[in-house]
Amino acid sequence: MKRAAITWLAAVFCFWAIPSHTQVVDPKKTTEQKAEQKANQNINQTVDKGLNSIESGVKGLFKKKGSSDAKPAVDTGAQKTSTIKKDTVLTAQEPTSLQIYSKFDFVPGEKVIFFDDFSGDNVGDFPAAWNTNGSGEVVTSNLFTGKWLKYSGRFAIWTDELLKLPDNYTIEFDVVPIEGEEGGMGGYGFRLMQSINAKSWDGGAVPGKAGFYFYVEYFGRPNYRTYMNEEEGQAMGVTGHIDNDNFKEKIHQKYHISVWVQKSRVRLYQNENKIIDLPKAFPLTTVKMDRIRFEENAALISNVRIAVGAPDMRSKLITEGKIVSYGIYFDVNSAKLKPESYGTLKGIADVLKENPDVRVNIVGHTDSDGSDASNLDLSKRRAASVKAELTKTFGIDAARMETDGKGETQPVTENNSVTNKALNRRVEFIKL
């Protein structure tokens, strides 16, 4: 009986699941499409009810209310610290070396146009640069540094101001799936969209004029969907999911999501892995994205970064004599390089390898947070870390590189917002 019940449940789940990879939308089924997401939203409840009638041996497959999972959002007074039991977190949460990112070809955009790590918001408040039709709050975590936007529920949180995005841009954010309202991992959604309402909620299963939707289900499977609501584009959407178990996300684990948009092409990376590549995601020239939003169920979000275009490193260094890089990342108040810097460092190393006579001065810059002396020291140590990594990982002769640090003394803009501070935190490569 137990095996028969499981088989029946699996069949019900497969019937309702998101369609397979790159299934094309039939224009005659527009109504079904719009109902699809609602069905997907209700799937957790449908499956949970079926599981309640199955013996406890099956329950380990899907987390239930009252399970041993820690509740990650227990607020402790004004500090609003999100606590997570350490035995629920996988070991080796983040790669400790750039080597694991050896196939990572993502290069962050050159000019930051939006950044938010919620450092300018008070713990317990809803962040100032965002809007919502539900709720959310800024919290700190016992396991992850910095501040995080925490939400839980079936609503959306979106950038308050519309974004002015060109043909080529990148989006990055850190996300931690947490426990949802029904117990166990809730899953989460990220949407890049062309809005209809500049200041209010765009509702429905396919909101706005067009969109790219990335959704992680409660059991960790990543899914994607593109849609265009103009009559011409209704048959051009694609829908799919990622079946590889290695890419299933887990509760209380931090993931770095990177999205690279080049005209109609959309690529999405989960940590070092490219898991989605849609060459013709938006074939209509009328599609112009202007908003991002997070929605559905439960997550911690931080380090949201949107930047314009990837730099032409060869031209910048050889012709103009200088590269200003915003794609080299460090741990907070540290000279330790983050592994997602790999793509940028590889691009710089390639230019140096192709031009063996070129020497460079690597100069670190910080924002104004902290003392002048500590920022100067930090900028020098970060420049030295970049030089060491270019030598160790990419084989660039150390004699070709000098290092220096300017701390906060040479800002490119005022340090009066989190976005401007992100512009001032940079590494420059100056041709000698």
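## Cores, a covered strand and salt bridges

Of the 48 residues in the largest nonpolar core, the ones touching the most other members are Phe190, Leu192, Phe212, Phe214, Ile257, Ile276 and Ile292. A nonpolar core here is a set of buried Ala, Val, Leu, Ile, Met, Phe, Trp, Tyr and Cys residues joined through side-chain atoms within 4.5 Å. Buried means under 20% relative accessible area, exposed means over 50%, and partly exposed is in between (1.4 Å probe, protein chains only).

Keep in mind that this is a predicted model: local features need pLDDT of at least 70, side-chain atom pairs count only at pLDDT 80 or more, and totals for chains, interfaces and linings use all residues. Residues are numbered from 1 along each chain as its sequence is written, and side-chain values use heavy atoms, with hydrogens and water left out.

**The cores**

- Strand S15 gives the largest share of that core, with 6 residues.
- Apart from it lies another core, this one of 30 residues, among them Leu352, Ile362, Ile396 and Val427.
- Back in the largest core, Phe214 touches a list of residues including Tyr188, Gly189, Phe190, Pro222, Ile257 and Ile276, not counting residues up to four places away in sequence. Contact means heavy atoms within 4.5 Å.
- As background, nonpolar side chains tend to be buried together in soluble globular proteins.

**Strand S8 and its partners**

- Strand S8 covers residues 188-194, and 7 of its 7 residues are buried. Helices (H or I, at least four residues) and strands (E, at least two) are DSSP runs, numbered from the N terminus.
- In a regular strand, side chains alternate between the two faces of the sheet.
- Both faces of S8 are covered: Tyr188, Phe190, Leu192 and Gln194 are buried on one side, and Gly189, Arg191 and Met193 are buried on the other.
- S8 runs antiparallel to strand S9 (residues 210-216), with 7 bridges joining the two. Two strands pair if DSSP finds at least two bridges between them.
- Look at Arg191 in S8 and you'll find its S9 bridge partner, Tyr213.
- S8 also pairs with strand S15 (residues 291-308), again in the antiparallel sense, over 5 bridges. Here Phe190 has Phe294 as its bridge partner in S15.

**Salt bridges**

- The whole structure holds 23 salt bridges. Each is a side-chain nitrogen of Lys or Arg within 4 Å of a carboxyl oxygen of Asp or Glu.
- Glu296 and Arg154 make one of them, at 3.0 Å from N to O. This pair links distant parts of the chain, 142 residues apart, with Glu296 in strand S15 and Arg154 in strand S6 (residues 147-159). Glu296 is buried at 7% relative accessible area, while Arg154 is partly exposed at 34%.
- Glu217 pairs up with Arg221, and their closest N and O atoms are 2.9 Å apart. Glu217 is buried at 5%, and Arg221 is buried at 7%.
- Arg314 and Glu354 meet at 2.4 Å, N to O. Arg314 lies in helix H4 (residues 313-319) and Glu354 in helix H5 (residues 342-354), so the pair ties together parts that are 40 residues apart in sequence. Arg314 is partly exposed at 45%, and Glu354 is partly exposed at 44%.
- Salt bridges that share partners also join Glu110, Lys316 and Glu320 into one network.

**One more spot: Glu137**

- Glu137 sits in strand S5 (residues 137-141) and is buried, with a relative accessible area of 14%.
- Glu137 and Pro127 are 10 residues apart in sequence and 7.0 Å apart in space, C-alpha to C-alpha.
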